[in-house]
Amino acid sequence: MELDGRVVVVTGGTRGVGAGIARSFLAAGADVVVCARRPPDQEVTADGRKAAFTQVDLRDPAAVHELFGAVAGRYGRLDCLVNNAGGTPYRLLGEGEAQRHARVVELNLLAPMTASIAAYPWLRETRGSVVMIGSVSGTRPSPGTAAYGAAKAGLENLARSMAVEWAPGVRVNSLLLGMVRTELAHLHYGDETGIASVAATVPLGRLAEPSDVGEAAVFLASDRAAYVSGASLLVHGGGERPAFLDAATVNKES
């Protein structure tokens, strides 16, 4: 159990990718605290172990500071913060007021910064780490989710700056996710036919599972990544096949 005795907080860890991350940390031996605005429909468990839940709005700085104080008071330490909470509805820029788009930036960029700053004193004591859950949406055009893509681009840059400012005491890295199959996948990709069609565009032939993300997060939090900081690890199954290859009239496979 490579993370036995370590304490990890996973924001937005009650479902989807966050729950997958939490399960991977539980399986690795860590004590895990998941937080979200609403209680989970079911407890997050793995290998007979259970994550603790704390209800908190990450956009409330006072509540966030209280959260990490409570975690440190209960466990006596904090070894890793996984900033996973985020997301966005599909909304074209011209179809919503600026304030609605700003709330997406608040959740996906400002909230992780607030949580990281609140966790920093405790992470510094353990020479711990922060793992940002980013997205390939921050590395390419993101039509329909432009504010989300902009926030994720900012999150990656924030992580790199934090890695320099907080070295050598705290490591900071990012996971840049592609498409992940969660219980909400149908909202993004449609029915099973749509999901299968989308999966076929991925070089590895499938969408990621939450556990794929979780195993990568465990690696970055572990001693195996002791010299990894300021890095961005792509978890996207090989990325996207360039559209021009299919549009071109030459070099076609027979």
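What volume does the second largest pocket have? In this predicted model, the second largest pocket has a volume of about 220 Å³. Its lining is made up of 17 residues, and those that lie nearest its centre are R6, T126, R127, G128 and D223. By residue class, the lining of the second largest pocket divides into six nonpolar, five polar and six charged residues.

**The sheet and a helix across it**

The strands β5-β2-β1-β6-β7-β8-β9, given here in their order across the sheet, make up an open sheet of seven strands whose pairing is parallel. Because β5 (52-55) and β9 (232-235) each have a single partner strand, they stand at the edges, and one side of each is left without a neighbour in the sheet. From one strand to the next, the twist averages 20 degrees. At the β9 edge, strand β8 (residues 171-177) pairs with β9 in the parallel sense over four bridges, and L175 has L233 in β9 as its bridge partner. The helix α3 lies across β6 (80-83) and β7 (129-135), and α3 runs at about 175 degrees to β6.

**V9 in strand β1**

Strand β1 covers residues 7-11 and includes V9. The relative accessible area of V9 is 0%, and because buried means under 20%, V9 counts as buried. When neighbours within four places in sequence are left aside, the contacts of V9 are V33, C35, F68, V71, L78, C80, L81 and V82. One of these contacts, F68, is 59 residues away from V9 along the chain, and the C-alpha atoms of V9 and F68 are separated by 8.7 Å.

**The cavity**

The model has one cavity of 30 Å³ or more, and the volume of the largest cavity is about 30 Å³. Its lining consists of T88, P89, R91, H101, V104, G144, T145, A146 and A147, which divide into four nonpolar, four polar and one charged residue. Two helices, α3 (98-126) and α4 (146-165), each supply at least two residues of this lining. Thus α3, which lies across β6 and β7, also contributes to the lining of the largest cavity.

**Backbone features in the loops**

Two residues that are not glycines have a positive phi, namely D47 and R127, and their values are set out below.

| Residue | Phi | Relative accessible area | Loop |
|---|---|---|---|
| D47 | about 55 degrees | 63% | between β3 (45-46) and β4 (49-50) |
| R127 | about 55 degrees | 56% | between α3 and β7 |

Why do D47 and R127 count as exposed? Exposed means over 50% relative accessible area, so D47 at 63% is exposed, and R127 at 56% is therefore exposed as well. R127 is also one of the residues that lie nearest the centre of the second largest pocket, and its place in the chain is the loop between α3 and β7.

A further backbone feature is found at the peptide bond from A167 to P168, which is cis, with omega near 0 degrees. P168 has its place in the loop between α4 and β8, where α4 is one of the helices that supply residues to the lining of the largest cavity and β8 is the strand that pairs with β9 in the parallel sense.

Terms used. Residues are numbered from 1 along each chain as its sequence is written. This is a predicted model: local features need pLDDT of at least 70, side-chain atom pairs count only at pLDDT 80 or more; totals for chains, interfaces and linings use all residues. Side-chain values use heavy atoms; hydrogens and water are left out. On a 1 Å grid over the protein atoms alone, a cavity is a set of points where a 1.4 Å probe fits but cannot get out, and a pocket is an open set with protein on both sides within 12 Å along at least five of seven lines; lining residues have an atom within 4 Å of a point. Grid points are joined across faces, edges and corners, and a volume is the space filled by probe spheres set on the points. Ala, Val, Leu, Ile, Met, Phe, Trp, Tyr, Cys and Pro count as nonpolar, Asp, Glu, Lys and Arg as charged, and the others, Gly among them, as polar. Buried means under 20% relative accessible area, exposed over 50%, partly exposed in between (1.4 Å probe, protein chains only). Contact means heavy atoms within 4.5 Å. Two strands pair if DSSP finds at least two bridges between them. Axes are lines fitted to C-alpha atoms, for helices over the stretch in contact, and angles run from 0 to 180 degrees between N-to-C directions.
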